[in-house]
Amino acid sequence: MKLTDFDFDLPEELIATRPAVPRTSAKLLVAEGSGITDSVVSALPDWLQAGDRLVLNDTRVIPARLSGQRHRSSAQGNTAATIGVTLLEPRADGTWTALIKPLKKVKAGEEIVFSADFRATLEGTAEGQGLLRFNLSGDDFDAALNAAGAMPLPPYIAARRPADAQDNEDYQTVFARNKGAVAAPTASLHFDDALLRAIAARGVQFSFVTLHVGAGTFLPVKVDDVTTHRMHAEWGRVSAEAAHEIAQTKASGGRVIPVGTTALRLIETAAQNGSIRAWEGDTDIFIYPGFTFRVTDALMTNFHLPKSTLMMLVSALMGQHRMREIYAHAIDRKYRFFSYGDSSLLIPEKT
């Protein structure tokens, strides 16, 4: 399986830099059987059945992008450098791993000052990342980060415009609860409270799981043979309650439909022994064609980057030829792509 098998040409103008307003007005491509139907997210309940279960990722994105100053005294006088920081994940010892640009402008032991009362010391570097210790912790840290930080927009949006106050709302799901992600579970950004109520009225139930999406989700695949690619690890949890609900839905003949590739990867991790069970830890599951799905019956997801692991995942679910058809249709009908783009409901043919 070659990386080029998952490539396609995407017109630049189809890359969304802002979401549809309102959220539910985004287009929804429904691929069911051999057909493709153009719909809208607000009509999602029409495509669901009583007894179905949507699995939602309730992670909360933190404002992980920071801009600060490094000050240094030397024989030439006092100098300063602007330093960009993107937090990646906290460690057990209280430090954070982070992307620091330019990393060469900061030495171990030096401080980066983000505001009058919020700063971090670089304790060391490894594999191109920095290890930062902040002067605040707990609620004080959260408050300072919320004041100084910006939403960590994906690179293909950040290259086109800076994050602003509107992104604080747009890049967060309405059911976000457990903070820790540095990227949003973007398929869930299409939901609002009214849509959730309409889905419930249809007889569809919900289960919530948590996968803290990491910045590694945007890392390119650099190997030609995709089977040798190693995924970044992300922390997740499937509670005993959620595992029981999903198992009950399967047993009763209902469909389990994760919303987003993050929810799918997590429940399939929790079901690797054959049936879904409570699970917690770091998952680096890599899903590409040939994968055996244990619990997933369909998937709601946005449109993904060429040659990405997410393109491989949807190809595993639907088949490579089928996904080429779906994406050709989406491009022809000018669906908007990536994190702030339109959505799809992928329902594979039963075998």
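Me: Which residues are linked with Arg18 in a network of salt bridges?
Reply: This is a predicted model. Its salt bridges include a network rather than pairs alone, and Arg18 belongs to that network. The residues linked with Arg18 there are Arg161, Asp164 and Asp167.

Me: How many salt bridges does the count come to?
Reply: A pair qualifies when a side-chain nitrogen of Lys or Arg lies within 4 Å of a carboxyl oxygen of Asp or Glu. By this rule, the number of salt bridges is 18.

Me: How many residues apart in sequence are the parts that Arg160 and Glu12 tie together?
Reply: Arg160 and Glu12 form a salt bridge, with 2.3 Å between the closest N and O atoms. Arg160 lies in the loop between helix H2 (155–158) and helix H3 (165–170), whereas Glu12 lies in the segment before strand E1 (27–32), so the pair joins parts whose separation in sequence is 148 residues.

Me: Is Lys179, the salt-bridge partner of Asp142, buried or exposed?
Reply: The closest N and O atoms of Lys179 and Asp142 are 3.4 Å apart. Lys179 belongs to strand E11 (residues 178–181) and Asp142 to helix H1 (residues 138–148), so their salt bridge ties together parts 37 residues apart in sequence. Asp142 has a relative accessibility of 22% and counts as partly exposed. For Lys179 the value is 52%, and because the exposed class begins over 50%, Lys179 counts as exposed.

Me: Why does Arg333 count as partly exposed?
Reply: Arg333 meets Asp332 in a salt bridge, at 3.6 Å from N to O. Asp332, at 56% relative accessibility, counts as exposed. Partly exposed covers the range between under 20% and over 50%, so Arg333 falls in that class because its relative accessibility is 44%.

Me: Which strands stand at the edges of the open sheet?
Reply: The open sheet has 5 strands with mixed pairing, in the order E14-E3-E12-E13-E15. An edge strand has a single partner strand, so one of its sides is left without a neighbour in the sheet. The strands in this position are E14 (256–258) and E15 (279–283).

Me: What is the bridge partner of Arg53 in E14?
Reply: Strand E3 (residues 53–57) and E14 run parallel and are joined by 3 bridges. Within E14, the bridge partner of Arg53 is Val256.

Me: At about what angle to E12 does helix H6 run?
Reply: Neighbouring strands of the sheet are turned by 25 degrees against each other on average, direction ignored. Helix H6 (residues 261–269) lies across E3, E12 (205–211), E13 (234–238), E14 and E15. Relative to E12, H6 runs at about 85 degrees.

Methods: Residues are numbered from 1 along each chain as its sequence is written. This is a predicted model: local features need pLDDT of at least 70, side-chain atom pairs count only at pLDDT 80 or more; totals for chains, interfaces and linings use all residues. Side-chain values use heavy atoms; hydrogens and water are left out. Helices (H or I, at least four residues) and strands (E, at least two) are DSSP runs, numbered from the N terminus. Buried means under 20% relative accessible area, exposed over 50%, partly exposed in between (1.4 Å probe, protein chains only). Two strands pair if DSSP finds at least two bridges between them. Axes are lines fitted to C-alpha atoms, for helices over the stretch in contact, and angles run from 0 to 180 degrees between N-to-C directions. Contact means heavy atoms within 4.5 Å.
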